[in-house]
Amino acid sequence: MSGASMTAILLALRAATLDVTIAPDQTMPHVYVGDPLVIAFEAGEDTQAAIGIDIVPDHGAPPTFVQLAPLPLRARAARWLTIGGVPELRGRYGLNMTIEAGGEVSREAAQFCRIDRPLPGYVLPLWVHAEGLQPRALLALRGLSIRQIQLPAGLSGIADTIRQAKSFGFDIAIALDAEGAPETALEGIQDHVSRWTIDAGGDPAAAAAAIQRLRQNGARAPIRLVVRDPGAVTQLLHAGLGPEISALVFERAWPTVSNIAGVRAAAERAGYERMPIVVDTLSVANTPGVANTPGDDVNDPDAGPRLMRQMILHRAAGVLSTGLPHSQLVAQTFGPGYVYAGALAHRLCDATYIGRLDLSGGHTAFVFRSGPRWILALWNLDAPSDLELAIGDATGLLLFDGRNNPLTAPELAEGRVTLSLSACPLFLEGQGGDVLAQAAQQTVHQSAQALVSHPDLAERLPTGAIAAIEAFTKSGGESHTRLDFFNLLKLFPRIEGAWHEGALPRAVAVPALAGLSRLTRALCTVEQERGEPFVEPLQNTLANCGQFQSLYLTSSSGSRAERQRPDWVLAEVTRLMAQAEALAAEERAIEANAVAALAEWRARSLEAAAKAKPLSVPEPPAPPPQEDEQAEEEPDS
């Protein structure tokens, strides 16, 4: 059956013997930006129809009325008509139609959605719980650059659903309870699954048994474990399940940055840096006492903006991807988040998170970078209000609303612009000025403060390490030097070595290394914005990294579990090296050199990391901290 005929069946509106189909050339009634609205009319007998259409946007703009000229129709002959006067703005629109045909008058309602075309090759970090979705809705999700869906293991007819979704180009995830029996429920589908999600209720033994059953039954795809609080993270990872999983799935309605940071901190205390975290918002959608959950009324005018704000927050918090109930995006028709998810793909598709501006009055501003341009995502939950924002001598300003509609860019006066903010995000883009420097310096300040104020780190790290970090706790960005930057980098092999020599427990060492990594990576951006070139050529620094990697690879031995930590450090060095080369290609040479220097000092940790014990092996008590009398040295470059 063709997409057009499925649409006709879905959206047929009957006035007397007249069928009306919205956007008959689309599976769902998309109207892409720049394309006209087309409506197909088909009568059961020769007739003439008089049709008036009220086009009502769901974002507060006034409705538009279109009166069609009397329309002669022949029996069973579809007539496609381009409707003039239709709004060009992106958004969801209701159609309230008054149709007079064959002496009868009918009033019917329909809907269409105007969005941007999907970006070729881009996959939005969103996935949906897809049970109950029809084929037309799966295709509508493809219009948002979504390529991942999740199905419950006990779904009736799951094999047929998987085959259908795979034919549309989707990756399939299967969710199962640890107490389930995957060997019977999942027979024959293992080769079609891209990932597994196991809910063991935080029980390590149940999780281990479920993982074993999956592997014994031929499941080769990565496995994720569900957690609902930091305590579950601790239980599962301390039981040695870390090497068996690819990510933690944090189930919470709309988590805050602090909620996500709590899960990440628990993973770090268990010895895991950069453990991938996925947020799943579905299972707690109807938790009593939880406000603003995905289970709220999908007609809530803030439902779409809320989804966009949460997705931006997740990007800032380093969340790998987010799971949603499909009703937020598409069901029988378009959900409240559909247009906003599409807009987010266009605004932040390849952007890197830099930091958050320090603002007052309830204003929020997350800063991202895409190539030479910065992107500010801004809103105010308290009340609509104006924000005067300092951005320096920025150029090429562009402004977009939360549905990706271009707005008039604000005027720059004495390095400042004024924006009217509400709960619906705005996106301000530009180039130059000091936006990136402000955001990166704020991240540096917050990361340094978190390290020096953390009681375990402050008490256990050597005095010299804390002193090196304290140089970056001031809000201003001009107090530190390149020497201070390299003094921080030199902490990586020292802390790694102290851990594996037994002087620091992993619950102190890994949070310190992870926090230090966040601090120094933000400093790389600050160095770029300050404009002081590095002495050492980039390729020399990358070659040094390669030498340390080669030394490890030629001398490494032992089991996979024994190589867990050094193999992770090796992969981290490789990731940073690739990032440095990408920055150089973007003509951010100073940041590229700084990231390469960070990669080199992490590579220098490989020798110490090679002595690491498997993370599943309990640690003996660490000795009391010793004073660090190591003198600060001049940087190597």
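Okay, before anything else, one word we'll need: a residue is called buried when its relative accessible area is under 20%. Keep that in mind, and remember too that what we're looking at is a predicted model.

So let's start with strand β14, residues 195-199. How many of its residues are buried? The count is 5 of 5, so to speak a strand that is mostly covered. And what about its two faces? Both are covered: Arg195, Thr197 and Asp199 sit on one side, Trp196 and Ile198 on the other, and all of them are buried.

Now, who are the neighbours of β14? On one hand there's strand β13, residues 171-177, which pairs with β14 in the parallel sense over 5 bridges. If you want a spot to look for, Ala175 has Thr197 in β14 as its bridge partner. On the other hand there's strand β15, residues 223-227, and β14 pairs with that one in the parallel sense too, over 3 bridges. Here Thr197 turns up again, with Arg224 in β15 as its bridge partner.

Okay, next stop: another bit of strand architecture. There's an open sheet of 6 strands, and if you walk across it you meet β19, β20, β21, β26, β23 and β24, in that order, with antiparallel pairing. Which strands stand at the edges? Those are β19 (352-356) and β24 (406-407); each has a single partner strand, so one side of each is left without a neighbour in the sheet.

Let's zoom in on the β24 end. Strand β23, residues 395-400, runs antiparallel to β24, and 2 bridges join them. You can find the place by looking for Phe400, which stands opposite Pro406 in β24.

Right, let's step back to the whole chain. It holds 19 helices and 26 strands. Its radius of gyration is 28 Å, close to the 26 Å that the globule rule gives for 637 residues, so the chain is as compact as a globular protein of that length. Along its principal axes, the C-alpha trace spans about 95 × 70 × 45 Å.

Remember our word from the beginning? Across the 637 residues of the chain, 52% count as buried. And if you take the contacts with a separation of 6 or more, 68% of them come from residues 24 or more positions apart.

Last, the outside and the charges. The accessible surface comes to about 26600 Å², and 51% of that belongs to carbon and sulfur atoms. The chain carries 51 positive and 72 negative side chains, with the centres of the two sets 4 Å apart.

That's it from me, thanks!

Technical notes: Residues are numbered from 1 along each chain as its sequence is written. This is a predicted model: local features need pLDDT of at least 70, side-chain atom pairs count only at pLDDT 80 or more; totals for chains, interfaces and linings use all residues. Side-chain values use heavy atoms; hydrogens and water are left out. Helices (H or I, at least four residues) and strands (E, at least two) are DSSP runs, numbered from the N terminus. The radius of gyration is taken over C-alpha atoms; the globule rule is 2.2 Å times the number of residues to the power 0.38. Buried means under 20% relative accessible area, exposed over 50%, partly exposed in between (1.4 Å probe, protein chains only). Contact means heavy atoms within 4.5 Å. Accessible areas come from the Shrake-Rupley method with a 1.4 Å probe; for residues, only the protein chains shown count as cover. Lys and Arg count as positive and Asp and Glu as negative; His and the chain ends are not counted. The place of a charge is taken as NZ of Lys, CZ of Arg, CG of Asp or CD of Glu. Two strands pair if DSSP finds at least two bridges between them.
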